[in-house]
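User: Please examine the model shown below. I should like to discuss its charged pairs, one helix packing and one strand pairing.

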Amino acid sequence: MRIVNVLGLQHCKTVLSFSSCLLSWMMAGALAHAADWKPVDPADLARTTPRVEKDADAEALLWDVRVTHDRKGQYAQAILTHYLRVKIYTDRGREQQSTVDIPYFSFTSISDVYARTVKPDGSVVEMDKSAVHDRVIVKASGLKVRAKSFALPDVTPGSIVEYRWKEGREQLPNYLRLYFQREIPVREVVYHIKPLTDPYFPYAMRSARFNAEQSSFRPEPDGYYETAMENVPAFHEEPSMPPEDQVKAWMLVYYSLDRKLTPEKFWKEYGKEQYTAYKPLMKVNGDVKRLAAEIAGDAQTDDDKAKRLYQHVRKHIKNLNDEQSTAEDRNDAKRNKTPADTLSQGSGTAYDINMLFASLATAAGLDVRVARLADRGDTFFHKEFPDSYFMRTYDIAIKLGDKWKLFDPGSPMVPYGMLRWQEEGEQALLTDSKDPQFIQTPLASASQTSSKRRGTFVLAEDGTLEGDVEEAHSGHTGIRRRTTGASQSEAEREEDVLNRVKHRLSTAEVSEIHIDHMTDPDEPLQLRYHVRVPGYAQRTGKRMFLQPAFFEIGTATRFSAGTRKYDIYFPYPWSEDDVITIKLPESFELDHADAPGSTKIGEIGEYKAEVAVTSKRELKYTRHLDFGKDTPMFFPATAYPQVKKIFDYIHQSDGHSIPLKQTAQKAAGND
């Protein structure tokens, strides 16, 4: 087709006008794109009910993906050419599927997007290429991602919509994740994979399926291998569920030597290899020795030594991976090859900082190793899978007393003594030259991840609430907020505080916002602001209804669905402590007020709320929630009714109203 187009264009130069030539060329291009669409089965056009899930509003008839690689030295770009055909059954399906978002992340690109609508009568409406644009979308989990977005033309119930696109993934060539599930059910998913071939890459292609039945590859004539899956149910996010890839059907395609090692033997060998690889990267020289002696000097315990060294590298070495560092900082920095280089330059990546910390700790006489870990924010680790792919992160392990403790000074938002939650409660492989072993990382307690909130308010006769608020967030709650705020300007951070309050209380007026310790993870992140909320208390004639749980008003219940498909997962324990004081208007008094409820949450927590009135006509409300103990909290889907009942009770108690009535003297005056 391309040859025909070129010959036609040359002929145009001598015979036809330029406009006629251009029209001919464009029509030929359109025919070329049309030839790429697969024939539509009339039975699919006529079908009125879905096959995979009977109540589905739309289902994918076919999701066909061809996978190749474009090798570029150490790295390779995986090129996935997608073809998706979707049948629309209902008006809701039309609304959901007529606008398409194809998300993409860092090191991912989307190109060559084509789409069309096949109407019930068989006529075809092509999408104009100009309809494709970039935008930011927010997933149900709250994650913001970029997407190629477009609207399909003339979609009606009974239509078939289909679109093609090319996805490029820049990555190491050894591993590729391929997914089988979408937000709608899929009748058939087919992958055609062309294995990497390279004389310097002597590994065999293998695969492992997760949350799906295992299936073999079938060779195809053109050097590809095909694998498929049929009647795949839809995937929908649920609140507080395990990581997506822990529940979603997907396949890992990877390359390895056929060493036939048992998992136990594999991890022993891997732990030894990693020890050998990391040992020279923690090299101690004279400068490192002198600094370690100066810092650790008069420390009384090994834990005190470790803490001093940790705080020094945090304070004195600029972290080039920190959001606070600038592009100029990163461009000016030289690549550090040793801890001494990092020390001399005074800056480095998170990796450089961790290696310098390990080197200083070694120089101070501590027993130091690197520990490799999986990331349970991605998927849960299984030692039974003999491959290092899921060992996606690392920490510095130091033996303190008779126990190993893990540190990560390169993560700028993590306080001393903690790890990112994704690395807590996880099995870590402690590298060693002779006997690598798995150790369990501890989980921060609920008291370490706390939100302490205070509010001092005055309630006016018209129901307006006004006063000052203080919040202190520590542990993982502080890490999450700091991570969000690190890339924001001061004005953007204040705007974020304003939006958080107004999201719950639309009439709120927030002013005098102050944020402290944004860049000091060893201190609670503190927020202070003044707030005025017209109509906070509901006024009805001579009565008023006041909800004292200021920080919870306007929040949605955690679990609203009546049923549940996936297990329930809380990644870490947490606690909340609120103290709220509200000065009541002189003309009102309590009217047979009762206290909100309290409850024990089995062996893992407690919820307690109390209300009292002082002699100064101040209503004092206290609320305490403590949830979680020593392990990540995992509940099977069958326990959903019980878990939902607990959080529904908490939500109901948080919405408890205190009735107030006008005093007799004021009421008589009004009469």
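**Salt bridges and packing**

Analyst: In this predicted model, a search of the whole structure finds 42 salt bridges.

User: Which residue forms a salt bridge with R290, and how far apart are the closest N and O atoms?

Analyst: Helix α7 (residues 286-296) holds both partners, three residues apart, so they are separated by about one helical turn. R290 is exposed, with a relative accessible area of 55%, whereas D287 is partly exposed at 40%. The partner of R290 is D287, and the closest N and O atoms are 2.4 Å apart.

User: How many residues apart are E586 and R617?

Analyst: The side chains of E586 and R617 meet in a salt bridge of 3.8 Å, N to O. The pair links distant parts of the chain: E586 lies in the loop between β29 (574-583) and β30 (588-590), and R617 in the loop between β32 (605-613) and β33 (618-627). Their separation is 31 residues.

User: Is E586 exposed or buried, and how does R617 count?

Analyst: Exposed means over 50% relative accessible area, and buried means under 20%. With 60%, E586 is therefore exposed. R617 has 23% relative accessibility and so counts as partly exposed.

User: What is the distance between the closest N and O atoms of E610 and K608?

Analyst: Both residues are partly exposed, E610 with a relative accessible area of 41% and K608 at 38%. They form a salt bridge, and its closest N and O atoms are separated by 3.7 Å.

User: Which residues are joined into one network by salt bridges that share partners?

Analyst: Shared partners connect the salt bridges of this group. The network consists of R453, E552, E576, D578, R623 and D654.

User: At what angle do helices α8 and α11 pack, and into which classes do the residues of their contact divide?

Analyst: The axes of α8 (residues 302-316) and α11 (residues 350-363) are 10 Å apart at an angle of about 145 degrees, and the crossing is right-handed. Helix α8 contributes A306, L309, Y310 and V313 to the contact, and α11 contributes I353, L356, F357, L360 and A361. The angle is thus about 145 degrees, and the contact residues divide into no charged, no polar and nine nonpolar.

User: Which residue of β8 is the bridge partner of V118?

Analyst: Strand β8 (residues 160-171) is mostly covered, with 10 of its 12 residues buried. Nine bridges join β8 to β4 (residues 108-118), and the two strands run antiparallel. In β8, the bridge partner of V118 is I160.

Definitions and conventions: Residues numbered from 1 in each chain as written. Predicted model: local features only at pLDDT ≥ 70, side-chain atom pairs only at ≥ 80, totals over all residues. Heavy atoms only, no water. Buried < 20%, exposed > 50% of the residue type's maximum accessible area, 1.4 Å probe, protein only. Helix = DSSP H or I, 4+ residues; strand = E, 2+ residues; numbered from the N terminus. Pairing = 2+ DSSP bridges. Axes fitted to C-alpha atoms, helices over the stretch in contact; angles between N-to-C directions. Left-handed = near helix turned anticlockwise from the far one by under 90°. Contact = heavy atoms within 4.5 Å. Nonpolar A, V, L, I, M, F, W, Y, C, P; charged D, E, K, R; others polar. Salt bridge = Lys/Arg side-chain N within 4 Å of Asp/Glu carboxyl O.
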